[in-house]
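Visitor: Got a minute to walk me through this one? I'd like to hear about it piece by piece.
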Amino acid sequence: MSVPTGTTAAQEQQPRRARAPWLRSLAGRTTLVTAVVAVLAALVTGSVAFPLIRSAAVTQAREQLSRQADAFSAAPVASQALDLRERHLLGPDNYDLASITPSGMVNGAAGRILGADEVQAVRSGQKISRTITRGGTQYLVEARPLAKGGGIALIRPLADVNAASARLLQPMLLALAAGLLIAVLAGTLLARWLSGPLVRTAAAARRMARGERTVQLSPAGVTEVRAVGEAINTLDHALLASESRQREFLLSISHEIRTPLTALRGYAEALQDGLIPPEDTARVGQTLAAETGRLDGFVRDLLALARLEADDFSLDIQPVDVAAVLEQGQRAWHPAAAQAGVDLVLDVPAADPAGPLLATTDAQRLRQIVDGLIGNALRVTPAGKPLILQARTEGAVLSPGPAPGEGQLAGPPGVVAILVRDSGPGLTPEDAAVAFDRGVLARRYDGQRPTGTGLGLSIAARLAQRMNLRLTVEPATPEHPGACFCIRLPRATTA
């Protein structure tokens, strides 16, 4: 059996993601960045610390050599004897000693290093503390004049000092390497800690994409990652609720459509088999027409919902005469109301010399909302009871009058309210809260009161939303206990 192409692609997608390079993941990149930062820190530390250590070693060696030279110049005989004793007991020291006679002769192993300038300076009574180069080798030189003439000189190769400082650098390199290793390990642990919740969140999102619901994700990690996890949980609950509503809606629609289809099929088969007597043909035709009208109503409602969800939903906004729209609605619905025995009453403000009652809206869409509300109200209004179409203004501003408590309207009100009030059983506060949800009231009162497809109020509310208008359920009053729906429009001042 062949496997659908879409399924194969979905199955191959997961291994393809698993084969993604490690460095493209958050964990890999975090580890890499941490390692690079640690290496750079070690290099910067080493490049700064190594010259400082070498300079400090040279300074320390020069100070030590200077103190020894001062000691030799202060007590040359005793110092030389002590030096010979130390060299005999401890081995060669790290410096060489040279003596300068008053006549300028240099004796000792370091005599070849001193130049004429250094000898002449010591003979003239100057102290020497410098670095000189002989044969490509640098030496630290500390020379002191003696009180009886001549002088002494202590010389140490700079290479010996550098070798000693190099021995100090080895522990430092080990410390830097240990710090680098610890930083990389810490970066790896940090990367896992940061990426772990994101990986679990992505896995939950993929499960949701495959159709799984009630995916329980425990948000963890930093605040931003935790917020993503909470958003995934919220999305899961919203998808579950939405799909449940859609499933219930489709089941309700399929049930409602099946009823007239069953009647149509039954009468069609009866006509085909010749079971309908001639005298019942008109009655059967009326039944078929009525059931066909019900099916047509279902199709119109579904198409209306589809158009309301389209992105290219257009509006023609302009000043509209509200009274004229309601009068057209009353004339259009008068035959149906008369057949049901319902008195369709129009209540609009009296003609104003300043002009008609205008609202800024789309006249055709407004009439569509009014028709939906009238159709819903006509279904639940008992025979002999009124169904009221009312228009009124709200938000009037009073200017001060000549006496307290007196005043007059200052300019046109800001809102035009259109009310459709039936004389049916009314709505409880619980009903009002879900009145515009698809099919909720139809399922709730199925078999208890006249109900339709359950889409009329939902379509009216969605249409009002697309028009940026307010459609609300108004509270009942003792004079009017039935249901009352109100749509409010912005008032227009000129045509």
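Visitor: Let's start with threonine 201: buried or exposed?

Guide: Threonine 201 counts as buried, because its relative accessibility is 7% and buried means under 20% relative accessible area, with exposed over 50% and partly exposed in between (1.4 Å probe, protein chains only). Keep in mind that this is a predicted model, where local features need pLDDT of at least 70, side-chain atom pairs count only at pLDDT 80 or more, and totals for chains, interfaces and linings use all residues. Residues are numbered from 1 along each chain as its sequence is written, and side-chain values use heavy atoms, leaving out hydrogens and water.

Visitor: Where does threonine 201 sit, and what does it touch?

Guide: Threonine 201 is in helix α5, residues 158-209. Helices (H or I, at least four residues) and strands (E, at least two) are DSSP runs, numbered from the N terminus. Leaving aside residues up to four places away in sequence, threonine 201 touches Leu217, Val228, Gly229 and Ile232; contact means heavy atoms within 4.5 Å.

Visitor: OK, new topic. Which residues make the nonpolar surface patch?

Guide: Leu32, Val36, Val39, Leu40 and Leu43 make a patch of about 430 Å². Patches are made of residues with over 30% relative accessible area and no salt bridge (a side-chain nitrogen of Lys or Arg within 4 Å of a carboxyl oxygen of Asp or Glu). Nonpolar side chains (Val, Leu, Ile, Met, Phe, Trp, Tyr) are joined within 5 Å, like charges within 9 Å. Areas come from the Shrake-Rupley method with a 1.4 Å probe, and for residues only the protein chains shown count as cover.

Visitor: How exposed are valine 39 and leucine 43?

Guide: Valine 39 is partly exposed, with a relative accessible area of 35%, while leucine 43 counts as exposed at 55%. Valine 39 lies in helix α2, residues 26-74, and leucine 43 is found in α2 too. Leucine 43 is also 8.9 Å from leucine 176, C-alpha to C-alpha, though 133 residues separate them in sequence.

Visitor: Now the sheet. What's the strand order?

Guide: The order is β7-β9-β12-β14-β13, in an open sheet of five strands with mixed pairing. Two strands pair if DSSP finds at least two bridges between them. β7 (343-347) and β13 (470-474) are at the edges with a single partner strand each, so one side of each has no neighbour in the sheet. From one strand to the next, the twist averages 20°.

Visitor: What packs on the sheet?

Guide: Helix α8 (residues 322-340) does, touching β7, β9 and β12 (415-421). The direction of α8 makes about 175° with that of β7; axes are lines fitted to C-alpha atoms, for helices over the stretch in contact, and angles run from 0 to 180 degrees between N-to-C directions.

Visitor: And which way do the pairs run?

Guide: β7 and β9 (residues 386-394) are parallel over five bridges, with leucine 346 opposite leucine 389 in β9. β12 and β14 are antiparallel over seven bridges, and β13 and β14 are antiparallel over five. Arginine 488 in β14 is the bridge partner of alanine 417 and of arginine 470.

Visitor: How covered is β14?

Guide: Mostly: six of the seven residues in β14 (residues 484-490) are buried.

Visitor: Last one: how many helices and strands in the chain?

Guide: There are 12 helices and 14 strands, and 33% of the 495 residues are buried.
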